[in-house]
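Trainee: Could you take me through one small part of this model up close, and then show me how that part sits in the whole thing?

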Amino acid sequence: MRKLHHLPLDSGCRKIRMLLREKKLECELYAEKVWERRDAFLKLNPAGEVPVLVEGDGTSITGGAQVISEYLEEVYPENTLLGEDPLTRAEVRRIVAWFDDKFRREVTTNLVEEKMLKRFLGLGEPNSQAIRAGHANIHYHLEYIAWLTDRRTWLAGDDFSLADITAASHISSLDYMGDVPWKDHLGAKDWYARIKSRPCMRGVLTDLVPGVPPPKHYADLDF
């Protein structure tokens, strides 16, 4: 059985979980406490980071969520989530980079990592200035989602793609903590509601972090 070493609120791990589900690829989840630095896990990925995908034959795929995403697209090309032509694939990759690089730097790192990962890694108190920056920055990105989906069916075009999965992986982690100002961004909320209704989100919406319950609307498809 294929196995994914992951952390529940890590956006990269959520991205791979959603991609596997969209491609109808079975996978066993293993919640990896990366701070324990298990020898067996370090043999799979000396960097000690998740996600790590282990195929049924024991081959491990590491290097980050986008490396694993590209691998899955190449090995399992059916039901592509990168697009059917070069221009579409370029646009999908552009938006993937927007969220995995720009959004992560400006929002995810300042909120999820400060408020949650520091707690588990024992790195001290959250940086209040970083948290304020994350709350301020998220508005720009939600406006961009609304701008794109006002002109397209999905973020990168007419078809649901890895661009939508990547954006939703970050936003779902933030939504678990109640850090998405949905009432101010109805266009982005409409896009996210459509994603929440897809089968690939079912596992993500059932995640629970011990001691940190999500807001009531988190798993509600009609939030």
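Mentor: Let's start at one serine, move along the helix beside it, and then step back to the salt bridges and the overall fold.

Keep in mind that this is a predicted model. Our starting point, serine 161, sits in the loop between helix H5 (128–151) and helix H6 (162–176). Is serine 161 buried or exposed? Its relative accessible area is 4%, and the cut-off for buried is under 20%, so serine 161 counts as buried. As for what surrounds it, set aside the neighbours within four places in sequence, and serine 161 is in contact with Leu81, Val92 and Ala156. If you want a reference point elsewhere in the chain, take aspartate 101: it is 60 residues from serine 161 in sequence, and the two C-alpha atoms are 18 Å apart.

Now look at what the serine side chain does at the start of H6. There, a side-chain oxygen of serine 161 comes to within 3.1 Å of the backbone nitrogen of alanine 163. Follow H6 from there and you'll count 15 residues, with 21 Å between the first C-alpha and the last, close to the 21 Å expected at 1.5 Å a residue. The helix is mostly covered, too: 15 of its 15 residues are buried. Past the other end comes glycine 178, which has a positive phi, near 75 degrees.

Next, the charged pairs. The structure holds 15 salt bridges, and a few of them deserve a closer look. One of them joins lysine 15 to aspartate 100, with the closest N and O atoms 2.6 Å apart. That pair ties together distant parts of the chain, since lysine 15 is in helix H1 (residues 11–22) and aspartate 100 is in helix H4 (residues 86–121), 85 residues apart. Are these two partners buried or exposed? Lysine 15 has 0% relative accessibility, so it counts as buried. Aspartate 100 is buried as well, at 14%.

H4 turns up again in another bridge, where the side chains of arginine 93 and glutamate 70 meet at 3.1 Å, N to O. This one also links distant parts of the chain, with arginine 93 in H4 and glutamate 70 in helix H3 (residues 65–75), 23 residues apart. Arginine 93 is partly exposed, with a relative accessible area of 37%.

There's a local bridge in H4 too: glutamate 91 pairs with arginine 94, the closest N and O atoms being 2.9 Å apart. Both residues lie in H4, 3 residues apart, which is about one turn of the helix. Glutamate 91 counts as buried at 16%, while arginine 94 is partly exposed at 35%. Elsewhere, Arg14, Arg17 and Asp207 are linked in a network of salt bridges.

Finally, zoom out. The protein has 8 helices and 4 strands, and from the N terminus they run β-α-β-α-β-β-α-α-α-α-α-α. A compact globule of 223 residues would have a radius of gyration near 17 Å, and the protein agrees with that at 17 Å. Its C-alpha trace spans about 45 × 45 × 30 Å along the principal axes. Buried residues make up 49% of the 223, and among contacts with a separation of 6 or more, 69% are between residues 24 or more positions apart. The protein exposes about 10,900 Å², with carbon and sulfur atoms supplying 52% of that.

How values were computed: Residues are numbered from 1 along each chain as its sequence is written. This is a predicted model: local features need pLDDT of at least 70, side-chain atom pairs count only at pLDDT 80 or more; totals for chains, interfaces and linings use all residues. Side-chain values use heavy atoms; hydrogens and water are left out. Helices (H or I, at least four residues) and strands (E, at least two) are DSSP runs, numbered from the N terminus. Buried means under 20% relative accessible area, exposed over 50%, partly exposed in between (1.4 Å probe, protein chains only). Contact means heavy atoms within 4.5 Å. The expected span of a helix is 1.5 Å times one less than its number of residues. A polar contact is a pair of N or O atoms within 3.5 Å; within protein, one must be able to donate a hydrogen and the other to accept it, and residues adjacent in sequence count only if both atoms are side-chain atoms. The radius of gyration is taken over C-alpha atoms; the globule rule is 2.2 Å times the number of residues to the power 0.38. Accessible areas come from the Shrake-Rupley method with a 1.4 Å probe; for residues, only the protein chains shown count as cover. A salt bridge is a side-chain nitrogen of Lys or Arg within 4 Å of a carboxyl oxygen of Asp or Glu.
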